[in-house]
Amino acid sequence: MPRHISLGQARDLLLTRESLERNRWKEREIAKGLAEGTLRRVQRNRYVLGADWDALWPESRHRVEVQAAFAEMRGGDAVASHESAGVVWNLPLYRHSPAAVHVTIPDGKHVSSRAGLVRHSDALPPEDVTTRLGIRTTTLERTVFDLARTLGFEAAVAVADAALRQIAFIDGAYDVDLADDWRARMLERAARGAGSRGVRQAIEVILFADGRSESPAESVARLQLMRLGFERIGLQVAVLGPRGERWRVDLELEDAAVLLEIDGVGKYQDEKLRSGRSVEQVILDEKRREDWIRGTTQKRLVRVEEKDIATADALGRRLAAFGIRLS
């Protein structure tokens with residue numbers, strides 16, 4: 001199963017021609033590796049082993065690309081932005097794989113792009129720039145605003161939810177006041193950019209964002225439910241387990257008294273998420289948990305997979321199969 005890595009781990013995967021030669025890669029071996037895919041060129045003089053690259057999720061691959069691009073730069077005003085700033089801030093890129101590293105240069109300066117690097121010229125006040133893990137990048141709020149304007153709506157919602165989760169979750173509790181403050185600041189930013197490309201969508205994303213969503217799939221499921229006409233949607237619904245443990249169900253259709261779980265394969269295939277348990281034990285534990293939740297809440301519990309939330313129609317068909325429709 002693909003894995004996620006940090007920005008620091010991404011940097012450690014990078015190789016240069018000099019480091020390859022020190023490890024006794026001859027010119028013909030480098031050429032052969034590039035041709036066969038056992039070696040991949042990420043930037044002009046930055047490489048990664050094909051096996052390392054193949055093992056990564058798209059966001060982590062892009063972290064490698066960002067590290068490679070900035071390692072090739074020699075000073076200058078370039079700041080990681082858009083999708084590239086997104087992966088620096090650990091934001092998800094739902095069903096989106098960047099074709100190049102994105103940087104922004106202060107407005108008014110001549111910029112040109114090249115293969116693997118897109119340069120944007122835009123207003124970039126000092127308060128919108130910071131350094132994170134050695135990479136000059138747009139701030140979290142500026143990054144969310146840029147992505148809310150330029151990504152597809154589903155991906156933009158997943159980004160905004162994840163950012164708001166970083167901001168408003170303190171010691172395991174969701175701080176509504178912090179969330180409201182963030183929303184107000186973002187709407188002020190949108191007002192200053194009125195008339196610019198994508199600002200109308202950004203406002204919709206900001207108003208819809210909710211940091212209680214724990215994954216991009218939950219964010220997109222909530223969006224599709226709204227498109228289907230459901231209005232009262234609970235997030236991370238608490239249920240007490242048999243030993244007093246606090247379980248949470250992803251979503252609730254409150255008007256229909258139906259609980260929804262977004263059933264990704266990660267909980268079964270990812271060894272870290274299994275916490276040392278076998279796949280069979282995870283399935284058994286999930287069944288016991290599900291039976292308890294149904295019994296104690298007296299509500300139906302329906303599982304949907306990521307394919308079921310690809311569109312509102314797909315989710316509507318899944319719910320209809322269980323007799324769940326808006327009255």
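**Close-up views of a predicted model**

**View 1. Packing of helix α8 against helix α9.** In this predicted model, helix α8 (residues 153-168) packs with helix α9 (residues 176-192) at an angle of about 130 degrees, and the two axes lie 9 Å apart. Because the angle falls in neither the parallel, the antiparallel nor the perpendicular range, α8 is classed as oblique to α9. The crossing of these helices, α8 and α9, is right-handed. On the α8 side the meeting residues are Ala160, Leu164, Ile167 and Ala168, and on the α9 side they are Leu178, Ala179, Trp182 and Arg183. Sorted by class, this contact of α8 with α9 comprises 7 nonpolar residues, no polar residues and 1 charged residue.

**View 2. Helix α7 and its surroundings.** Of the 11 residues of α7, 10 are buried, so this helix is largely enclosed by the rest of the structure. The buried residues of α7 are Leu140, Glu141, Arg142, Thr143, Val144, Phe145, Asp146, Leu147, Ala148 and Arg149. The elements that cover them include the helices α6 (82-88), α8, α9 and α10, together with the strands β5 (117-122) and β7 (135-138).

**View 3. Glu141 in helix α7.** Glu141 is located in helix α7, which spans residues 140-150. With a relative accessible area of 17%, Glu141 counts as buried because this value lies under the 20% limit. Leaving out residues up to four places away in sequence, Glu141 touches Trp182, Arg185, Met186 and Arg189. With one of these residues, Arg185, there is also a polar contact, in which the side chain of Glu141 and the side chain of Arg185 are 2.6 Å apart.

**View 4. Arg212 in the loop between α10 and α11.** Arg212 is placed in the loop that connects α10 (199-208) and α11 (216-228). The relative accessibility of Arg212 is 31%, and this residue is therefore partly exposed, since the value lies between the limits of 20% for buried and 50% for exposed. The side chain of Arg212 makes a polar contact with the side chain of Asp210, at 2.7 Å. When neighbours within four places in sequence are set aside, the residues in contact with Arg212 are Arg165, Phe169, Tyr174, Glu218, Leu235 and Gln236. Arg212 is separated from Met226 by 14 residues in sequence and, from C-alpha to C-alpha, by 16 Å in space.

Definitions and conventions:
Residues are numbered from 1 along each chain as its sequence is written. This is a predicted model: local features need pLDDT of at least 70, side-chain atom pairs count only at pLDDT 80 or more; totals for chains, interfaces and linings use all residues. Side-chain values use heavy atoms; hydrogens and water are left out. Helices (H or I, at least four residues) and strands (E, at least two) are DSSP runs, numbered from the N terminus. Buried means under 20% relative accessible area, exposed over 50%, partly exposed in between (1.4 Å probe, protein chains only). A polar contact is a pair of N or O atoms within 3.5 Å; within protein, one must be able to donate a hydrogen and the other to accept it, and residues adjacent in sequence count only if both atoms are side-chain atoms. Contact means heavy atoms within 4.5 Å. Axes are lines fitted to C-alpha atoms, for helices over the stretch in contact, and angles run from 0 to 180 degrees between N-to-C directions. Angles under 35 degrees count as roughly parallel, over 145 as roughly antiparallel, 65 to 115 as roughly perpendicular and the rest as oblique. A crossing is left-handed if the near helix is turned anticlockwise from the far one by less than a right angle, and right-handed if clockwise. Ala, Val, Leu, Ile, Met, Phe, Trp, Tyr, Cys and Pro count as nonpolar, Asp, Glu, Lys and Arg as charged, and the others, Gly among them, as polar.
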